[in-house]
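Biologist: I have a chain to look at, and I want to test the words used for it. Show it to me, and I will ask how each label is earned.

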Amino acid sequence: MDIIQIVGLGLIATFLALVIKEQKPLFAFMLTVFVGILIFLFLIDEIAKIINMLQGIAEQANMNMMYLQTILKIIGIAYIAEFGAQIAKDAGQAAIASKIELAGKILILVMAIPILTAVIEMVLALLPS
């Protein structure tokens, strides 16, 4: 989907949510969540292209695929946590949004430990004994 269409959909949904919010706030919130998910689904093909391109580059560089998979998982966690936090903020739940962001950061740190360990081991191997 073209960016013009995505922005158009977002602006139409924003206008509808503002109009509906006065009468039915729950429907306005549900519309916002639905449009957010719909925009994400439109981008799935583009995300798949990016992942395939990164896999091709990693194979050409003879990179361990475990590292690429871990990095992609970290990126996924970041985007999902941000999406969830924004939905919570839209619902007026800033405290829950901050907890979602914190959970995302902790999970990213946990996923990054094997990569950090490998980097530290590589640096230690390069240092003279």
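Modeller: Start with Glu 101, which is found in helix 5, residues 94–126. Keep in mind that this is a predicted model.

Biologist: What makes Glu 101 partly exposed?

Modeller: Its relative accessible area is 24%. Buried means under 20%, and exposed means over 50%. The value for Glu 101 falls in between, so Glu 101 is called partly exposed.

Biologist: Which residues does Glu 101 touch, not counting residues up to four places away in sequence?

Modeller: Glu 101 touches Glu 82, Ala 85 and Lys 89. Contact here means heavy atoms within 4.5 Å. There is also a C-alpha distance to look at: Glu 101 and Gly 84 are 17 residues apart along the chain, and their C-alpha atoms are separated by 8.4 Å.

Biologist: How far apart in space are Val 33 and Ile 50, C-alpha to C-alpha?

Modeller: They are 25 Å apart in space, and 17 residues apart in sequence. Val 33 has its place in helix 2.

Biologist: Why is Val 33 called buried?

Modeller: Its relative accessibility is 17%. The cut-off for buried is under 20%. The value for Val 33 is under that cut-off, so Val 33 counts as buried.

Biologist: And Gly 56, in helix 3? Why does Gly 56 count as partly exposed?

Modeller: Gly 56 has 27% relative accessibility. Buried needs under 20%, and exposed needs over 50%. Neither label fits, so Gly 56 is partly exposed. Gly 56 and Ile 96 are 40 residues apart in sequence and 38 Å apart in space, C-alpha to C-alpha.

Biologist: What makes Asn 62 count as exposed?

Modeller: Asn 62 reaches 70% relative accessibility. Exposed means over 50%, so Asn 62 earns the label. Asn 62 lies in the loop between helix 3 and helix 4. It also has a positive phi of about 55°, although it is not a glycine.

Biologist: Now the whole chain. How many helices and strands does the chain have?

Modeller: Five helices and zero strands. Read along the sequence, the pattern is α-α-α-α-α.

Biologist: How do you know how the chain compares with a compact globule?

Modeller: Set the radius of gyration against the globule rule. A compact globule of 129 residues would have a radius near 14 Å, but the chain has 20 Å. The chain does not match the compact globule value. The C-alpha atoms fill a box of roughly 70 × 35 × 15 Å, taken along the principal axes.

Biologist: What share of the residues of the chain counts as buried?

Modeller: Of the 129 residues, 16% count as buried. As for contacts between residues at least 6 apart in sequence, 47% join residues at least 24 apart.

Biologist: What does UniProt list as "transmembrane region"?

Modeller: The unreviewed UniProt entry lists residues 27–44, 65–86 and 106–127. In the model, residues 27–44 are 94% helix and 0% strand, with end C-alpha atoms 26 Å apart. Residues 106–127 are 95% helix and 0% strand, and their end C-alpha atoms lie 31 Å apart.

Biologist: Let us turn to pockets. How can empty space be found?

Modeller: Rolling a probe the size of a water molecule over the atoms shows where empty space is left.

Biologist: How much space lies in the largest pocket?

Modeller: About 580 Å³. It is lined by 17 residues, and the closest to its centre are Phe 40, Ile 47, Gly 76, Tyr 79 and Ile 80. Helix 2 (25–42), helix 3 (44–60) and helix 4 (65–90) each supply at least two residues of the lining. Helix 4 has the largest share, seven residues.

Biologist: Of which classes are the residues of that lining?

Modeller: The lining of the largest pocket divides into 14 nonpolar, two polar and one charged. Phe, Ile and Tyr count as nonpolar, but Gly counts as polar.

Biologist: And how much space lies in the second largest pocket?

Modeller: About 330 Å³. Of its 15 lining residues, the closest to its centre are Ala 17, Ala 28, Phe 29, Thr 32 and Asp 90. Helix 1 (3–21) and helix 2 each supply at least two residues. Helix 2 gives the most, with seven residues. By class, this lining has nine nonpolar, four polar and two charged residues.

Conventions: Residues are numbered from 1 along each chain as its sequence is written. This is a predicted model: local features need pLDDT of at least 70, side-chain atom pairs count only at pLDDT 80 or more; totals for chains, interfaces and linings use all residues. Side-chain values use heavy atoms; hydrogens and water are left out. On a 1 Å grid over the protein atoms alone, a cavity is a set of points where a 1.4 Å probe fits but cannot get out, and a pocket is an open set with protein on both sides within 12 Å along at least five of seven lines; lining residues have an atom within 4 Å of a point. Grid points are joined across faces, edges and corners, and a volume is the space filled by probe spheres set on the points. Helices (H or I, at least four residues) and strands (E, at least two) are DSSP runs, numbered from the N terminus. UniProt positions are given in the numbering used here, feature names are shortened, and annotations may be inferred rather than shown by experiment. The radius of gyration is taken over C-alpha atoms; the globule rule is 2.2 Å times the number of residues to the power 0.38. Buried means under 20% relative accessible area, exposed over 50%, partly exposed in between (1.4 Å probe, protein chains only).
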